[in-house]
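Thanks for making time this morning. I would like to take you through one protein model, and I will go from confidence to strands and then to the interior.

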Amino acid sequence: MLLWILLSVVSAVLLPGGSHVFVWPTLGLLSAAAVLTSRAGETAGGRVLAAALGMVPAAPLVFSLMPLLTNALGQGLVASPVAVAALLTALLPGVLPVLPRLLPVTAAVVATTVLAGVALLARGPENPVRADLLYLWDADRRTGHWISGVPADDWSDDFLPTDAERGSVADLWPGWRVPVRRGPAAEAYPLPGPRVTTRVLADTAGGGRRVQVTAASRRGSDHLVVLVSGTTVRGWSLSGVPGQYADDPAGDAPWELWIRHVPARGAELELGLGAGPATVRFIDRTHGLPGPAADGPDGTRPPALGVASLGEASVAATTRALE
């Protein structure tokens with residue numbers, strides 16, 4: 001339980017939005033420990049109550065997270081969700097003291113079987129491999145690009161050059177640090193870039209200025225990414241609500257803001273910029289791929305895995321320079 005308490009504290013500091021995965025199971029386990037160390041823990045009913053307190057908060061969170069992590073990370077990192085489940089399973093002997101030795105052995109056998117089964121699983125129509133493909137249209141240069149974040153597969157190779165090697169995509173998406181396989185689109189599918197208006201509100205100390213930016217997707221996207229490079233971002237607000245974080249990235253990395261659930265009228269963003277010219281890049285994103293990639297190898301549309309991963313998506317980018 002000390003490990004779960006530590007994970008709860010660390011996640012609450014570093015990942016507040018995901019800390020509930022550790023905090024709620026920890027609270028349940030502490031409640032179970034309180035029952036087991038009391039007189040009630042000496043009775044069968046008390047042990048059943050402890051088991052319920054220890055497992056009910058954890059099971060819906062941890063075990064429902066496993067398939068989501070598998071989809072997001074792919075089969076290559078299937079050990080990650082298995083490790084999360086193993087952390088929970090290792091606590092069962094304390095909650096169910098009737099089988100103190102058998103449960104850890106059973107958990108180890110199950111985890112080993114799952115990992116071995118995934119490693120030996122044949123790839124075919126019944127057990128498909130995850131393909132990762134993204135189409136990016138640079139609305140300024142009028143160029144299209146195919147991007148993939150996973151090793152080559154028979155389907156994505158129809159769009160990427162066979163000799164495509166993993167490399168940087170920072171020229172298209174500044175700040176993207178993960179190496180990807182990329183290649184120019186043999187057939188371009190133009191996507192209208194976001195509609196952007198800018199207005200300088202006032203000059204600030206040290207040669208800076210406050211700028212109002214309104215950006216809206218012309219393709220009905222509710223997901224917008226804003227990248228600012230060339231100067232520092234001293235502060236920002238979205239729809240009049242001040243942003244909580246305005247920390248400057250290290251080196252030449254751009255300042256980055258992801259906005260989800262953008263209304264049809266667009267996002268109203270106010271930026272406090274430092275001195276010097278700034279380049280602001282706007283990227284909107286929708287699920288689904290254009291052209292022949294819209295259909296999977298069996299004629300069905302490939303599923304999108306969500307905004308947290310590359311998934312199957314189309315993005316369009318527009319750049320605005322602010323002197």
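Before I come to the first hairpin, one term: two strands count as paired if DSSP finds at least two bridges between them. Please also keep in mind that this is a predicted model.

With that in place, look at strand S8, residues 233-238, which is joined by two bridges to strand S9, residues 241-242, in an antiparallel arrangement. S8 and S9 form a hairpin with two residues between them, and in that turn Ser-239 has a positive phi of about 55°. Across the hairpin, Leu-238 stands opposite Val-241 in S9.

S8 also pairs with S11, again in the antiparallel sense, and here there are five bridges, with Trp-236 facing Leu-271 of S11 as its bridge partner. S11 in turn is joined to strand S6, residues 209-216, by seven bridges, and these two strands run antiparallel as well; in this pairing Arg-210 has Gly-272 of S11 as its bridge partner. Putting the pieces together, we get an open sheet of five strands in the order S5-S6-S11-S8-S9, with antiparallel pairing. Its edges are strand S5, 195-203, and S9, each of which pairs on one side only.

How much of the model can we trust? The average pLDDT of the protein is 75, and 67% of the residues score at least 70. Confidence is highest in strand S11, residues 267-273, at a mean of 91, whereas strand S13, residues 312-322, has the lowest, at 54. Over residues 303-313 the pLDDT stays under 50, although the model has 40 contacts for this stretch beyond four places in sequence, and I would ask you to read that part with caution.

Let me move on to strand S7, residues 223-229, which is mostly covered, with six of its seven residues buried. S7 pairs in the antiparallel sense with strand S10, residues 255-260, over six bridges, and six bridges also join S7 to strand S12, residues 278-287, likewise antiparallel. Val-226 takes part in both pairings: this residue stands opposite Leu-257 in S10 and has Phe-282 as its bridge partner in S12.

Which residues touch the most other members of the largest nonpolar core? They are Val-226, Val-228 and Leu-271, in a core of 20 residues. S6, S7, S8, S10, S11 and S12 each supply at least two residues of this core, and the largest share, four residues, comes from S11. Returning to Val-226, its contacts beyond four places in sequence include Trp-255, Ile-259, Leu-269 and Val-280. Apart from this core lies another, of 14 residues, among them Trp-137, Trp-146, Phe-159 and Leu-160.

Finally, the aromatic rings, of which there are seven pairs. One of them is formed by Trp-173 and Trp-176, with 5.1 Å centre to centre and 85° between the planes, and is edge-to-face. Are these two tryptophans buried or exposed? Trp-173 counts as buried because its relative accessible area is 5%, under the 20% cut-off, and Trp-176 is buried too, at 14%. Elsewhere, ring pairs link Tyr-135, Trp-146, Phe-159 and Tyr-189 into a cluster, and two of these residues, Trp-146 and Phe-159, have already come up as members of the 14-residue core.

Methods
Residues numbered from 1 in each chain as written. Predicted model: local features only at pLDDT ≥ 70, side-chain atom pairs only at ≥ 80, totals over all residues. Heavy atoms only, no water. pLDDT = per-residue confidence, 0-100. Contact = heavy atoms within 4.5 Å. Buried < 20%, exposed > 50% of the residue type's maximum accessible area, 1.4 Å probe, protein only. Phe/Tyr/Trp six-rings, centres within 6.5 Å; stacked < 30°, edge-to-face > 60°. Core = buried A, V, L, I, M, F, W, Y, C linked by side-chain atoms within 4.5 Å.
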